[in-house]
Amino acid sequence: MRLFTIPNLMTCGNLLCGCLGIVFSFRGDLLLSGSLILVAGVLDFLDGFAARLLNQSSPIGKELDSLADMVTFGVLPSMIIFQLLERTTTSIDIQAMLISFSAFILSVFSGLRLAKFNIDTRQTDSFIGVPTPANALLVSSLPFILRNNPEYESWIVNQYVLVSYTLLMSYLLICELPLLAFKFKTFGWKENQIKYIFILLSVLLLFLLKFAAIPLIVALYILLSVFQRIFRFQ
């Protein structure tokens, strides 16, 4: 059994990013934690691409990928939200602690989502429930939005907003909602029109809004997936 294939090394890089991101979140450097999620997201995409290109898919690679995703896209986003919730209060009473600890509901539901994905044979051409990297990508954007758009701080560093997001996304991670998967069998417009529309709109939003576009892109991803489901577009 070959442990150190190119795809597995990329997955290990994803896992390392998650571990380092957790350390930096403890130190209060949420920008670096968010950056490491972005790097891990690239590695997560490339490991699957490399496995298919090099024909190096293996059972251990699948398990390693889920373990890495649990750390980087499950625990680390919860750590970022935890640190943001800690900024919303100066008290150390039980209520404040419970509100802060509610961030880790995302970790629990991320684990459930990843376990479900591993045994669900329906999720080959599409996802059912929001993928953990999509949630992590949104959370990773929050420190950058706070730096570049301080006028949004009252919306982001807000107990009600953060707890509501945690509960909503925890549900969306495991709900029976078919979502787009960007695995192109062909590159024709007719077969991939929703995917191309999403990509074009995402590029436009990023150009106009920078990091503030990422929450909108994740919302757009969910809405277009629902649109495709209702109207049966390819």
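This section describes selected features of a predicted model, from its surface and cysteines to its helices and chain contacts.

A nonpolar patch of about 670 Å² lies on the surface. The residues that make it are Ile6, Val42, Phe45, Leu46, Phe49, Leu53 and Leu54. Helix α2, spanning residues 30–54, supplies the largest share, with six residues. Val42 is one of the residues in helix α2. The relative accessible area of Val42 is 48%. Val42 is therefore partly exposed, since that value falls between the 20% and 50% limits. Residues enter such a patch only with over 30% relative accessible area. In an α-helix there are 3.6 residues a turn, so residues three or four places apart point the same way.

The cysteines were examined next. The disulfide count is zero. Cys12 takes part in no disulfide. The cysteine sulfur nearest to that of Cys12 belongs to Cys19 and is 10 Å away. Cys12 is partly exposed, at 34% relative accessible area. Cys19 has no bonding partner either, because its closest cysteine sulfur, in Cys17, is 9.4 Å away. That distance is too far for a bond, given that a disulfide requires sulfur atoms within 2.5 Å. Cys19 is also partly exposed, with a relative accessibility of 38%.

Helix α6 runs from residue 132 to residue 148 and contains 17 residues. From its first C-alpha to its last, α6 reaches 25 Å. This is close to the 24 Å expected at 1.5 Å a residue. The helix nevertheless bends, by about 25° at Leu142. A proline, Pro143, follows within four residues of that point. Of the 17 residues of α6, 13 are buried, so the helix is largely enclosed by the rest of the structure.

One salt bridge is present in the structure. Lys116 and Glu176 form this salt bridge, and their closest N and O atoms are 2.8 Å apart. The pair links distant parts of the chain, 60 residues apart. Lys116 sits in helix α5, which covers residues 105–119. Glu176 belongs to the loop between α8 (159–174) and β2 (178–180). Glu176 is exposed, with a relative accessible area of 51%.

Lys116 also served as a reference point for Asn158. The two residues are 42 positions apart along the chain, and their C-alpha atoms are separated by 31 Å. Asn158 is placed in the loop between α7 and α8. At 22% relative accessibility, Asn158 counts as partly exposed.

Further residue pairs were compared in sequence and in space. Gln159 is found in helix α8. Its relative accessibility is 22%, so Gln159 counts as partly exposed. Gln159 and Ser100 are 59 residues apart in sequence, yet their C-alpha atoms are 8.6 Å apart. Asn8 lies in helix α1, which spans residues 6–26. Asn8 is buried, because its relative accessible area of 5% falls under the 20% limit. Asn8 and Ile60 are 52 residues apart in sequence, with a C-alpha to C-alpha distance of 8.6 Å. Glu153 is found in helix α7, residues 153–156. Glu153 is partly exposed, at 44% relative accessible area. The C-alpha atoms of Glu153 and Leu200 are 28 Å apart, and 47 residues separate the two along the chain.

Backbone geometry was examined at Lys210. Most residues other than glycine have a negative phi. Lys210 has a positive phi of about 60°, although it is not a glycine. Lys210 is located in the loop between α9 (189–209) and α10 (213–231). Its relative accessibility is 52%, so Lys210 counts as exposed.

Note on methods:
Residues are numbered from 1 along each chain as its sequence is written. This is a predicted model: local features need pLDDT of at least 70, side-chain atom pairs count only at pLDDT 80 or more; totals for chains, interfaces and linings use all residues. Side-chain values use heavy atoms; hydrogens and water are left out. Patches are made of residues with over 30% relative accessible area and no salt bridge: like charges are joined within 9 Å, nonpolar side chains (Val, Leu, Ile, Met, Phe, Trp, Tyr) within 5 Å. Accessible areas come from the Shrake-Rupley method with a 1.4 Å probe; for residues, only the protein chains shown count as cover. A salt bridge is a side-chain nitrogen of Lys or Arg within 4 Å of a carboxyl oxygen of Asp or Glu. Helices (H or I, at least four residues) and strands (E, at least two) are DSSP runs, numbered from the N terminus. Buried means under 20% relative accessible area, exposed over 50%, partly exposed in between (1.4 Å probe, protein chains only). The expected span of a helix is 1.5 Å times one less than its number of residues. The bend at a residue is the angle between axes fitted to the seven residues ending there and the seven starting there.
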